[in-house]
Amino acid sequence: MAIVPGMTDLTRPYWENANAGRLVTQRCGTCGRGWHPPLPACPHCHGTDLGWQQVRGDGTVYSCTVVRHATHAALADQIPYVIAIVELAEGPRLVTGITGCAPEDVRVGMAVRACFLRVADGIALPYFEPA
Amino acid sequence: MIRREVAIVGIGQTQYAKALPPAAWDLAIEAVTAALADAGIDPADVDGMCRFAAPFEPVSEPMLVRALGIRELTFFAQSPLGGEALGAVVAHAAAAIVAGLARVVVVYRALSQSKGGRFGRADRGRSEPAGDIVVPEEDNRSFAWPYGLMSPGQLFALWAARYAAVHGLSAEDLTQALGSIALTQRRYAHNNPAAMMRDRKLDWDTYRRARMISEPLRLFDLCLENDGACAYVLTSADAARSLREDPVYVLSATQTLSPYREPMGIYTDDLLTLFPPAAAERLFAQAGVTRADVDVAEFYDATSFMPLRSLESYGFVPDGQAWRYVVDQGTGPDSPLPVNTHGGHLSEAYLHGMNGVLEGVRQLRGTARNQVTDAAVALVGAPAGSAMILAR
């Protein structure tokens, strides 16, 4: 049983790109700034000419925690798992998981690279692995 | 300015327990009725009502207006979110009174987690149908839940882990700091007949060995889950003085909201900056007091990490120093600033900070079980920066 993101018109492009193996953030066509999560208008210049920009995929672990107690029945068999906030090289942060190492080995400040985990038909989640 | 123009004249609460038979509506009526009786005010005379908004607060203004026989509300206001509403409801009540929009304002909070779902369980205790769970997008939940970030405790763990990393704490340093807070608040609760943990001992061994929920936070680093209701009544200072000899004056009340606070900060500029520092400066400037004037603090503590970080955020201890401060000086009765003298959310009960307001009022009336000698000024505040300064 997977937990998959419901989508809105605003968020759907993010997940469609992830499904195609591209990590993107929203970007303002007027002032060029990027941010995540997506918004209906540019929070900097208030422009509404918005697009999506692929990021390099490099990032750093900003914070992390190993979850040892399931707060949802769907997660009981994944305990222990790690949740991380990764800060992309471009600046925005996102909530993610870390693969390629034990949950206990993830450290704040660790260099990571984006990868993708298919969890359901048409849905791949951005994850990160040690760089 | 609201400074000393408004006062709390009545407080009321229900029993606090893991599960109470009455529905939230009944609990709200009980607490509000008790607060009005404490104030000596006839419920029919209530003309203002301030509350936390849905989905947090299940009891609406219409439900109380018809159940209490209130003649007419001339002012009502709701505040969104949880901790963000703590001081906001007081600010709204005070503003209404000062502006002449209402004379008697009730603030209430009723919780029936046993029936309405526990905040700590993402599945609300219901069994889901088989198949993938689709997370409807709201407040960026769809970007978090697929990774298993689904409950407040996990988010608080991310805050605490960042704090430890930024300030160079070892896991043991953090355990000692958080444990000091948890144990001190448990000891306060032992003197408090209303506290759910009044008879449950908590020593270092039990604290350390308890289940790790989400590293670095253990079971006793997270608040209780319970049913119950709290309420208090505000009037103008003049009206207050005709009602009782010990009105508790509101010196200031703040609310603050900045980008990505919802519902709790993940994408904020700095994960450790829980609210703009300007909000704390406003709180003190509008009150006309300094940190040194505060005799007791009731800090919203959904987790033990919150009082620790609140000591810094509200300016009592420099950033990065509170972990050492709580180990060396503590938050107990003999410390420079007693914190959560009722046991807090960790050991009295979890009422979204409202029970902290009631304890602040008791401290200033001189009727608290863990009374701070000559307490004259109390700060009641949430880590979200919504807070109030009260004084006798």
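## Exercises on chain B and its contact with chain A

**Exercise 1. Find the residue that stands opposite R51(B) in β3(B), then describe the strand pair and the unit built around it.**

Solution. Keep in mind that you're looking at a predicted model.
- Step 1: go to R51(B) and look across; the residue opposite, in β3(B), is Q78(B).
- Step 2: now take the strands as a whole. β2 (residues 48-52) and β3 (residues 75-79) of chain B pair over 5 bridges, in the parallel sense.
- Step 3: bring in helix α2 (residues 61-68) of chain B. Together, β2(B), α2(B) and β3(B) make a β-α-β unit, and this unit is right-handed.

**Exercise 2. Work out how helices α6 and α10 of chain B pack, and which residues make their contact.**

Solution. Two numbers get you going.
- Step 1: packed helices are described by the angle between their axes and by the distance between those axes.
- Step 2: for α6 (residues 171-190) and α10 (residues 305-313) of chain B, the angle is about 100 degrees and the axes are 8 Å apart.
- Step 3: angles of 65 to 115 degrees count as roughly perpendicular, so α6(B) is roughly perpendicular to α10(B).
- Step 4: pick out the residues. α6(B) brings A177(B), L178(B) and I181(B), while α10(B) brings F305(B), P307(B) and L308(B).
- Step 5: sort these by class and you get 6 nonpolar, no polar and no charged residues.

**Exercise 3. Describe the contact between chains A and B, looking mainly at the chain B side.**

Solution. Start with the totals, then zoom in.
- Step 1: chain B puts 39 residues into the contact and chain A puts in 37 residues.
- Step 2: on the chain B side, the elements that each supply at least two residues are β5 (133-135), α5 (152-167) and β6 (212-214).
- Step 3: which element gives the most to this side? That's α5(B), with 6 residues.
- Step 4: by class, the chain B side has 22 nonpolar, 9 polar and 8 charged residues.
- Step 5: strands meet here too. β1 (residues 3-5) of chain A runs parallel to β5(B), and 3 bridges join them. Look at I3(A) and you'll find I133(B) of β5(B) opposite.

**Exercise 4. Check the radius of gyration of chain B against that of a compact globule.**

Solution. Compare two radii.
- Step 1: a compact globule with 392 residues would have a radius of gyration near 21 Å.
- Step 2: chain B has 20 Å, which agrees.
- Step 3: for the outline, the C-alpha atoms of chain B fill a box of roughly 55 × 55 × 40 Å along the principal axes.
- Step 4: as for what's inside, the secondary structure of chain B comes to 13 helices and 12 strands.

Key
Residues are numbered from 1 along each chain as its sequence is written. Chains are lettered from A and ligands numbered from 1 in the order in which they are written. This is a predicted model: local features need pLDDT of at least 70, side-chain atom pairs count only at pLDDT 80 or more; totals for chains, interfaces and linings use all residues. Two residues are in contact if their C-beta atoms, placed from the backbone, lie within 7 Å. Helices (H or I, at least four residues) and strands (E, at least two) are DSSP runs, numbered from the N terminus. Ala, Val, Leu, Ile, Met, Phe, Trp, Tyr, Cys and Pro count as nonpolar, Asp, Glu, Lys and Arg as charged, and the others, Gly among them, as polar. Two strands pair if DSSP finds at least two bridges between them. Axes are lines fitted to C-alpha atoms, for helices over the stretch in contact, and angles run from 0 to 180 degrees between N-to-C directions. Angles under 35 degrees count as roughly parallel, over 145 as roughly antiparallel, 65 to 115 as roughly perpendicular and the rest as oblique. A crossover is right-handed if, with the strands pointing away from the viewer, the path from the first strand over the helix to the second runs clockwise. The radius of gyration is taken over C-alpha atoms; the globule rule is 2.2 Å times the number of residues to the power 0.38.
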